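Reader: I've got a model to walk through and would like to quiz you on it. Could you take me through the structure piece by piece?

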Amino acid sequence: MSPRDPIGDDAPRTQFDFTTISARERYKLMIGAIIPRPIALVTTIDETGRHNAAPFSFFNCLSADPPILAIGVENNPDMSFKDTAQNIRMTEVFTVNIVSFAMAEAMHVCGAKYPRGEDELKAAGLTAAPGVKVASPWIRQAPAAFECRRHVTLELGKSRQIILGEILYAHFRDGLVDDKLHVDPAGVDAIARLGGDTCATIRDRFDMLTPKF
């Protein structure tokens with residue numbers, strides 16, 4: 001236990017009733033405590049084949065059989081779909097690119113609000129490569145990328161969609177995966193979101209073996 005850890009179970013608690021506070025207040029508490037959150041730089045295409053790229057930290061893997069990823073996409077303030085959600089709705093495919101520390105600034109550029117149809121990858125200096133199984137591109141600078149077909153979309157009220165994608169194909173940078181299919185975390189060098197504008201690396205690690213009884 002580090003000196004910054006709570007002393008014990010009787011440590012004082014600050015409590016919040018999520019049924020009585022605003023959505024913005026809930027958001028701030030959730031993203032500040034549910035950390036670190038991996039970042040998906042999601043690439044899609046529209047009906048005319050134009051590229052789009054946007055980062056999402058409401059993202060994770062949910063299942064290996066079938067292989068399912070999930071991203072949470074918030075709608076625009078007027079409740080219209082953002083480009084990512086609209087493109088997936090129309091094409092049924094998307095690609096999740098894992099963001100390394102070397103890609104952090106480029107990912108940040110992709111997160112700006114561009115007019116529909118603008119190529120965020122070009123603006124960020126990232127290279128689009130054609131998908132193998134899906135029409136959406138993958139990013140050559142990404143340490144890993146997962147081509148996905150939309151599995152199901154969950155509508156959460158008016159404000160947000162949870163999009164589940166089935167992984168059809170994966171790209172890994174050479175040298176990241178060994179002959180036992182272990183992925184080198186140092187080679188991936190992924191970053192994650194914390195609260196607010198703060199991000200973190202995964203460079204500090206420790207092992208905890210699964211307990212056996």
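Reader: Where is Ile34 found?
Author: This is a predicted model, with local features needing pLDDT of at least 70, side-chain atom pairs counting only at pLDDT 80 or more, and totals for chains, interfaces and linings using all residues. Residues are numbered from 1 along each chain as its sequence is written, and side-chain values use heavy atoms, with hydrogens and water left out. Helices (H or I, at least four residues) and strands (E, at least two) are DSSP runs numbered from the N terminus. On that numbering, Ile34 sits in the loop between helix 1 (23–33) and strand 1 (37–38).

Reader: How much accessible area does the nonpolar patch with Ile34 have?
Author: Patches take residues with over 30% relative accessible area and no salt bridge, joining like charges within 9 Å and nonpolar side chains (Val, Leu, Ile, Met, Phe, Trp, Tyr) within 5 Å. Areas come from the Shrake-Rupley method with a 1.4 Å probe, and for residues only the protein chains shown count as cover. Ile34 joins Phe16, Phe18 and Met30 on the surface, and together they have about 380 Å².

Reader: Which residue does a cis peptide bond join to Ile35?
Author: The omega here is about -10°. The partner lies in the loop between helix 1 and strand 1. That residue is Pro36.

Reader: Which strands are the edges of the open sheet with the order 1-11-12?
Author: Two strands pair if DSSP finds at least two bridges between them. The pairing in this three-stranded sheet is antiparallel, and strand 1 has two bridges to strand 11 (residues 191–193), with Arg37 partnered by Arg193. Each edge strand pairs on one side only, and those are strand 1 and strand 12 (199–201).

Reader: How many residues lie between strand 4 and strand 5 in their hairpin?
Author: Strand 4 (residues 59–64) and strand 5 (residues 67–74) run antiparallel and are joined by five bridges, with Ala64 opposite Pro67. The loop between the strands contains Pro66, and a cis peptide bond with omega of about 5° joins Asp65 to Pro66. The number of residues between the strands is two.

Reader: Why does the salt bridge of Arg160 and Glu74 tie together parts that are apart in sequence, and how many residues apart are they?
Author: A salt bridge is a side-chain nitrogen of Lys or Arg within 4 Å of a carboxyl oxygen of Asp or Glu, and the whole structure has eight of them. Arg160 and Glu74 meet at 3.9 Å, N to O. Arg160 belongs to strand 10 (residues 160–172) and Glu74 to strand 5, so the pair links parts whose separation in sequence is 86 residues.

Reader: Which element gives the most to the lining of the largest pocket?
Author: On a 1 Å grid over the protein atoms alone, a pocket is an open set with protein on both sides within 12 Å along at least five of seven lines, while a cavity is a set of points where a 1.4 Å probe fits but cannot get out; lining residues have an atom within 4 Å of a point. Grid points are joined across faces, edges and corners, and a volume is the space filled by probe spheres set on the points. The largest pocket holds about 1,600 Å³, and among its 45 lining residues Pro55, Glu74, Lys82, Gly111 and Arg193 lie nearest its centre. Seven of the lining residues come from helix 1.

Reader: How many charged residues are in the lining of the largest cavity?
Author: One cavity of 30 Å³ or more turns up in the whole structure, and the largest has about 50 Å³ of space. Its lining includes Asp46, Arg50 and Glu118. Ala, Val, Leu, Ile, Met, Phe, Trp, Tyr, Cys and Pro count as nonpolar, Asp, Glu, Lys and Arg as charged, and the others, Gly among them, as polar. With no nonpolar residues and four polar ones, the charged count is five.
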